[in-house]
Amino acid sequence: MHRSALKRSNGGTKIIITTIMGIAFGFFIGISISSTHLNKISLLSKVGNSFDVPTAEIERFSAEVDRSPAVIDESSGTKPLEALGSIRLPKINVPTNPNGTESLPPGIVVSESDLYLRRLWGEPSEDLKKKPKYLVTFTVGYDQRLNINAAVKKFSDDFAILLFHYDGRTSEWDQFEWSKNAIHVSARKQTKWWYAKRFLHPDIVSAYEYIFIWDEDLGVEHFNADKYINLVKKHGLEISQPGLEPNNGLTWEMTKRRGDREVHKVTEERPGWCSDPHLPPCAAFVEIMAPVFSREAWRCVWHMIQNDLVHGWGLDFALKRCVEPAHEKIGVVDSQWIVHQVIPSLGRQGEADNGKEPGDAVKARCRSEWAMFQARLVDADKAYLEGLKRGKG
């Protein structure tokens, strides 16, 4: 009897333990399901808040589109497509869209563009036989047409040509066959940096891997654009320029062509000119005469160009801010070199000012812009660093 009672006691204990374990297991399963359900509700809530579109509105819109006779094959053109415009749209709000486009569905937003020329007829997909991978810009006057003609011939059909005309003469360039496929932008008495700020926004030139922003007075007898691009890629240059023939128009030692190498990234300047061998003008430096920018570097440089400082003086000393490490990613391509012809054509577009001749007045503004740009950059640095200091304080 004692053993029988003990067995009954052990059996009861097992039942109690099993029951407790079952309850605990059910409790944890319940929490897990509840948590998953809440997460789903939270996610749906976020989606609903982002688009602010009730489910009933989505279903109503889908039904109207399905019923519309305007939903057809685009190529047939047999039904009135304008009927789609009469369908009442649900309210859309997409905070992740580019600023100002929050009311558009993301699938229709095209935030970047290009300078590819399109036809007025035919299928859009058949417009381009070939998409140029690089963009070359020259700021030109008609007097330098022969020089520009020689330069353009150094660029293959992988390069799109864009001419900025500071003298207003555009149609006369059609004497050159290539001009008919080039892009022409005209604004009288403006500089290449004025043009670049207004017409080369990073989202406009995003289709091009490299952007050349060149002067018109460059001799290119010893230059091949395709070979130049290959060297830029080989040596990892984000900002570059061709080497300059040493005896013509040379201002800085860094840009002087070296005959014993493909590329150089550092040089020795006059005593006292370089406080650090990795800083301009001994490294991380090219001139504004014939720079070449990668798409990524140009996005930064464009934002640094000032609207009112049109000559770009001083910009070359600040280019180092747009790539890292600058002394490795900025360089001069020696084996593809050019000659600076030093033709003061844009200076002749100036006007006399305060007793100065037109050319002298232009040079005076160049120098003053350099000082203004440097002052703005220093002030911006100070303001930013002071803000950090206050934040830490």
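Guide: Helices (H or I, at least four residues) and strands (E, at least two) are DSSP runs, numbered from the N terminus. This is a predicted model, in which local features need pLDDT (the predictor's confidence in each residue, from 0 to 100) of at least 70 and side-chain atom pairs count only at pLDDT 80 or more, while totals for chains, interfaces and linings use all residues. Residues are numbered from 1 along each chain as its sequence is written, and side-chain values use heavy atoms, with hydrogens and water left out.

Visitor: In which helix does leucine 388 lie, and is this residue buried, partly exposed or exposed?
Guide: Leucine 388 belongs to helix α9. Buried means under 20% relative accessible area, exposed over 50%, and partly exposed in between (1.4 Å probe, protein chains only). Because its relative accessibility is 40%, leucine 388 counts as partly exposed.

Visitor: Which helix supplies the largest share of the largest nonpolar core?
Guide: A nonpolar core is a set of buried Ala, Val, Leu, Ile, Met, Phe, Trp, Tyr and Cys residues joined through side-chain atoms within 4.5 Å. The largest one has 46 residues, and Leu135, Trp193, Leu200, Ile239, Trp298 and Leu315 touch the most other members. Elements supplying at least two residues each include β2 (159-165), α4 (192-199) and β9 (330-340). The largest share, five residues, comes from α6.

Visitor: How many residues does the second, separate core have?
Guide: Tyr210, Ile229, Leu231 and Val333 are included in this second core. Its residue count is 35.

Visitor: What is the omega of the cis peptide bond between glutamate 324 and proline 325?
Guide: Proline 325 is placed in the loop between α7 and α8 (326-329). Another cis bond joins proline 280 and proline 281, with omega about 0°; proline 281 lies in the loop between β7 (263-264) and β8 (292-294). For the bond joining glutamate 324 and proline 325, omega is about -5°.

Visitor: Is alanine 284 buried or exposed?
Guide: Alanine 284 is found in the loop between β7 and β8, and has a positive phi of about 55° although it is not a glycine. Since its relative accessibility is 1%, alanine 284 counts as buried.

Visitor: How many contacts beyond four places in sequence does the model have for residues 27-51?
Guide: The protein averages a pLDDT of 85, with 81% of the residues scoring at least 70. Over residues 1-9, pLDDT stays under 50 and there are zero contacts (heavy atoms within 4.5 Å) beyond four places in sequence. Over residues 27-51, pLDDT also stays under 50, and the number of such contacts is nine.
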